[in-house]
Amino acid sequence: MSNDSGSHAQGIQAARLAPDAYAREFADCAPPLTATQAVIEAERCYYCFDAPCSRACPADIDVPSFIQRIAQSNDRGAAEVILRANVLGGICSRVCPTETLCEQACVRNAQDGRPLNIGLLQRHATDHFFANPGKPLFVRGPETGRRVAVVGAGPAGLTVAHHLAIAGHSVDLFDARSKAGGLNEYGLASYKVTDDFAAREVAWLLSIGGITLHTGQTLGEDFSLTQLRASHDAVFLGLGLAGVNQLETDDAEPEGVCEAVDFIARLRQCADLSELPVGRKVVVIGGGMTAVDAAVQAKKLGAQEVTLVYRRGAAQMKASEKERQWAQLNGVTIRLWAAPLRFEQHNHQLTGVTFSVVRQGEVSNETFTLEADMVLKAIGQTFDSTPVGQAIQLKHGRIATDECGRTSLADVWAGGDCCAGGLDLTVDAVRQGKLAARSIALALTISDAANATSFQEHSHG
């Protein structure tokens, strides 16, 4: 589908809702707790020693510690515990799949099936902080004279930049887009992150100083890895996943077919949602969080019918049970065990999608066709290795790193979705960013010590 909001594809139209309906449809999907509700919820915590909820958090947040502070009405203290462990704790409180991480591990979940609402408690504390930051939580250390290049201003890159800036290093933060934030800015459902929160969190993070943001700068086009290594003491790559998987069909895609990630990005950056076109009958192909976010938002934009189709069963979907229920609650039909076979079209305009029924994991000869004037493809993203060429070793199509984020190339680290073995979650990108930042800082310290020793030996010689 054309990026032009005035696309004339049959059935794809803007302004499907009354003007005042958009704010209602895209309002915060999880309203925050009141101060009283937060204290009552926090008091349900057992404050476990060696708490399983903390062990389940990729960012190593001390969950009982921040919850205990909320119970004591010390919201700033709670925020400090969270943000010192996870500098993107505000956004994570909104988008983390807590139902499969900390809340699933909660002792109360095992006891009575009612875990603490850790996500909303974390949001309560961080929202309180961002509404009134007061005295800075972090202070930048003395200048070290060292300069680090961070490519990609997504969760991993932002985490690295912030940690290294605190250590006194200077950071050049590059991003191909016009705004920093990565998927937090461009890839999340608008009803999950309202009031421009992602941008406000980034602005706060950059306020530490020592970080120079360069937007609209693409690795492999505006600069090369070789140039960065020559001009900086270390390089961190947080490139994300720029490519998308393709459907196994030889057919040319008709007008009306587009990538779900592009649809979500356009929606996130749209100043007036009444100007954003959506189909009357929308089919979303995929089974992950992106598929659910695209499907629900298409429905909220006024699509009459939205059907999410996945080639396997519910248990294999990357989207959690909570996300699936949310989709169905919002009027999305979910059809399982069906693989896309071909697009139906008339005069290069999409009219439907024909699927093959999957039985016992195998595509059968049985087919069915869903009428559609818009298709959103959400069948997974891939790492585009073109910018790094043959210089860095890959594993399963993504950058290979050790446990500290080191790549096969000296003085180059990587983290986030572009790396093999991650969870493809914001909170896991933060974890990887923390590890890489520590490794980079240590490497620079060792280098400084070695240089000092060498200078002393030469001066005494």
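Which residue in β11 does phenylalanine 343 stand opposite? In this predicted model, phenylalanine 343 stands opposite valine 353 in β11. The pair belongs to the contact between β10 and strand β11 (residues 349-359), which run antiparallel and are joined by 8 bridges. These two strands form part of an open sheet of 3 strands, ordered β10-β11-β12 and paired in the antiparallel sense. The edges of this sheet are occupied by β10 (338-346) and β12 (362-371); each has a single partner strand, so one side of each is left without a neighbour in the sheet. From one strand to the next, the twist averages 25°. In general, the strands of a sheet pair through backbone hydrogen bonds, and the pairing is either parallel or antiparallel.

Parallel pairing is found around strand β2. Strand β1 (residues 147-151) pairs with β2 in the parallel sense over 5 bridges, and valine 151 has phenylalanine 174 in β2 as its bridge partner. Between the two strands the chain passes through helix α10 (residues 155-166), and the resulting β-α-β crossover from β1 to β2 is right-handed. Strand β3 (residues 211-215) also pairs with β2, in the parallel sense and over 5 bridges; here aspartate 172 stands opposite threonine 212 in β3.

The burial of β2 was examined residue by residue. With buried defined as under 20% relative accessible area, 6 of the 6 residues of strand β2 (residues 170-175) are buried, so the strand is largely enclosed by the rest of the structure. Both faces are covered: one side carries the buried residues Ser170, Asp172 and Phe174, and the other carries Val171, Leu173 and Asp175, which are likewise buried. Thus Asp172, which stands opposite threonine 212, and Phe174, the bridge partner of valine 151, are both on the one side of β2.

A further buried position lies outside the strands. Serine 190 is located in the loop between α11 (183-186) and α12 (197-206). Its relative accessible area is 14%, and serine 190 is therefore buried. Leaving aside residues up to four places away in sequence, serine 190 touches Phe26, Leu267, Arg268 and Gln297.

Analysis of internal space gave 3 cavities of 30 Å³ or more. The largest cavity holds about 140 Å³ of space. It is lined by 17 residues, of which Cys57, Cys96, Thr98, Cys102 and Gln122 are the closest to its centre. Helices α4 (63-71), α6 (89-95) and α9 (118-131) each supply at least two residues of the lining of the largest cavity, and α9 provides the largest share, 3 residues.

Technical notes: Residues numbered from 1 in each chain as written. Predicted model: local features only at pLDDT ≥ 70, side-chain atom pairs only at ≥ 80, totals over all residues. Heavy atoms only, no water. Buried < 20%, exposed > 50% of the residue type's maximum accessible area, 1.4 Å probe, protein only. Helix = DSSP H or I, 4+ residues; strand = E, 2+ residues; numbered from the N terminus. Pairing = 2+ DSSP bridges. Right-handed = clockwise from strand over helix to strand, strands pointing away. Contact = heavy atoms within 4.5 Å. Axes fitted to C-alpha atoms, helices over the stretch in contact; angles between N-to-C directions. 1 Å grid on protein atoms, 1.4 Å probe; cavity = no way out; pocket = protein on both sides within 12 Å on 5 of 7 lines; lining within 4 Å. Points joined across faces, edges and corners; volume = space filled by probe spheres on them.
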